[in-house]
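Here is a walk through one chain, from its sheet to the helices around it. Keep the coordinates open as you read.

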Amino acid sequence: MVVNAPLFLARHDIHGFLNKHAEWISTRLLAAREHRFEWRDGAPLPYLGGHLILELLDQPGPARARRDGAALLCNATPARAPALVLRWYQRHARALLGERLAHHAARAGLAMPPLRLSNARTRWGSNSAKGVISLNWRLLKAPPEAIDYVICHELAHFKQRNHSPAFWREVGILFPDWKKIRGELRQNGRLYFQF
Ligand SMILES: [Zn+2]
C-alpha cells in the first residue's frame, strides 16, 4: 500500500492516522480491489453470461482485438488493452443489441425504434420521450435472457411511460419470466460494471 501524505507531516503522525483509521482503510482497499478489473493476460472477460479469456499478444502489426473461440486476442500492451477491448465490446454490442431490439419490436408489433448505445454507469436502458431506446453496451456481458428482458422492458414503455402494475403487465406479455431475470440482473449487475 502507498500512502500519500504532505511532506511536513511527521512519520509518527502518519502512523497515528493510519492506526486510528485502520479498519476504514482496509475496508476501502478491499472494496477497491473487488471493483477494479485487472487487465492481465488470462483475465476472464464477462461475455453473454460466461467468459472470454483475454490473451495479450505482442506481435508486429496493428493493435487490435479479435475473438478466437473462447479467447479475445488483443495485440496490445496491457496499457493499451482496455481501449481495444472496450471498442470490441461496443462494436459487438451494437450488432447484437440491434438484432435483439429488431426481433422484439417486431413481436410487439412496433416499428424498429432508433437505438443509441449508452455508456451509463448505473443504468441498463432507457426509452426517451422521443422514442429513442438507449441500451448500455455492458449488456453484452450479461446472459442473453437479461439482454432480452431489458429490451422488452424498454419496449413496454411505449405502452406505459411509468412503472405501474399496468406497465409490468405489458412487460409480462413480451417477457413472461421478467421477475426472475430482473432479480438476477440486480444481483449480478455490479460485476458487469468493473469495466
Ligand atoms: Zn423502466
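**From one bridge to the whole sheet**

Start with a single pair of residues: Asn-127 has Ile-133, in strand 7, as its bridge partner. This is a predicted model. The pair belongs to a longer match. Strand 6 and strand 7, the latter covering residues 133-136, run antiparallel to each other and share three bridges. What links strand 6 to strand 7? The two form a hairpin, with five residues between them. In that turn sits Gly-131, whose phi is positive, at about 80°.

Now look at the other pairing of strand 7. Strand 5 pairs with strand 7 in the parallel sense, and this pairing has four bridges. Within strand 7, Ser-134 is the bridge partner of Arg-116. Strands of a sheet pair through backbone hydrogen bonds, in a parallel or an antiparallel sense.

Put the pairings together. The result is an open sheet of three strands in the order 5-7-6, with mixed pairing. Which strands lie at the edges? They are strand 5 (115-118) and strand 6 (125-127), each paired on one side only. On average, neighbouring strands of this sheet are turned by 15° against each other, ignoring direction.

Two helices pack on this sheet. Helix 3, residues 81-107, touches strand 5 and strand 7. The direction of helix 3 makes about 140° with that of strand 5. Helix 4, residues 144-156, touches strand 6 and strand 7. Here the angle is about 20°, taken between the directions of helix 4 and strand 6.

Helix 4 also packs against other helices. Two packed helices are described by the angle between their axes and the distance between the axes. Take helix 6 (residues 178-188) as one partner: its axis and that of helix 4 come within 10 Å and cross at roughly 110°. Helix 4 is therefore roughly perpendicular to helix 6. The crossing of these two helices is left-handed. Helix 4 brings Glu-145, Ala-146 and Tyr-149 to the contact. Helix 6 brings Trp-178, Ile-181, Arg-182, Glu-184 and Leu-185. By class, the residues of this contact are five nonpolar and three charged, with no polar ones.

Next comes helix 5, residues 165-174. Helix 4 and helix 5 pack with their axes 9 Å apart, at an angle of about 130°. So these two helices are oblique to each other. Is their crossing left-handed or right-handed? Helix 4 passes helix 5 in a right-handed crossing. On the helix 4 side, the contact has Cys-152, His-153, Leu-155 and Ala-156. They meet Phe-167, Glu-170, Val-171 and Leu-174 of helix 5. This contact holds six nonpolar residues, one polar and one charged.

Finally, step back to the whole chain. How many helices and strands does the chain have? There are six helices and seven strands. From the N terminus, the elements follow the order α-α-β-β-β-β-α-β-β-β-α-α-α. The chain has 195 residues, and 21% of them are buried. Among contacts with a separation of 6 or more, 42% come from residues 24 or more positions apart.

Definitions and conventions:
Residues are numbered from 1 along each chain as its sequence is written. This is a predicted model: local features need pLDDT of at least 70, side-chain atom pairs count only at pLDDT 80 or more; totals for chains, interfaces and linings use all residues. Two strands pair if DSSP finds at least two bridges between them. Axes are lines fitted to C-alpha atoms, for helices over the stretch in contact, and angles run from 0 to 180 degrees between N-to-C directions. Two residues are in contact if their C-beta atoms, placed from the backbone, lie within 7 Å. Angles under 35 degrees count as roughly parallel, over 145 as roughly antiparallel, 65 to 115 as roughly perpendicular and the rest as oblique. A crossing is left-handed if the near helix is turned anticlockwise from the far one by less than a right angle, and right-handed if clockwise. Ala, Val, Leu, Ile, Met, Phe, Trp, Tyr, Cys and Pro count as nonpolar, Asp, Glu, Lys and Arg as charged, and the others, Gly among them, as polar. A residue is buried if 20 or more other C-beta atoms lie within 10 Å of its own, exposed if 12 or fewer, and partly exposed in between; C-beta atoms are placed from the backbone.
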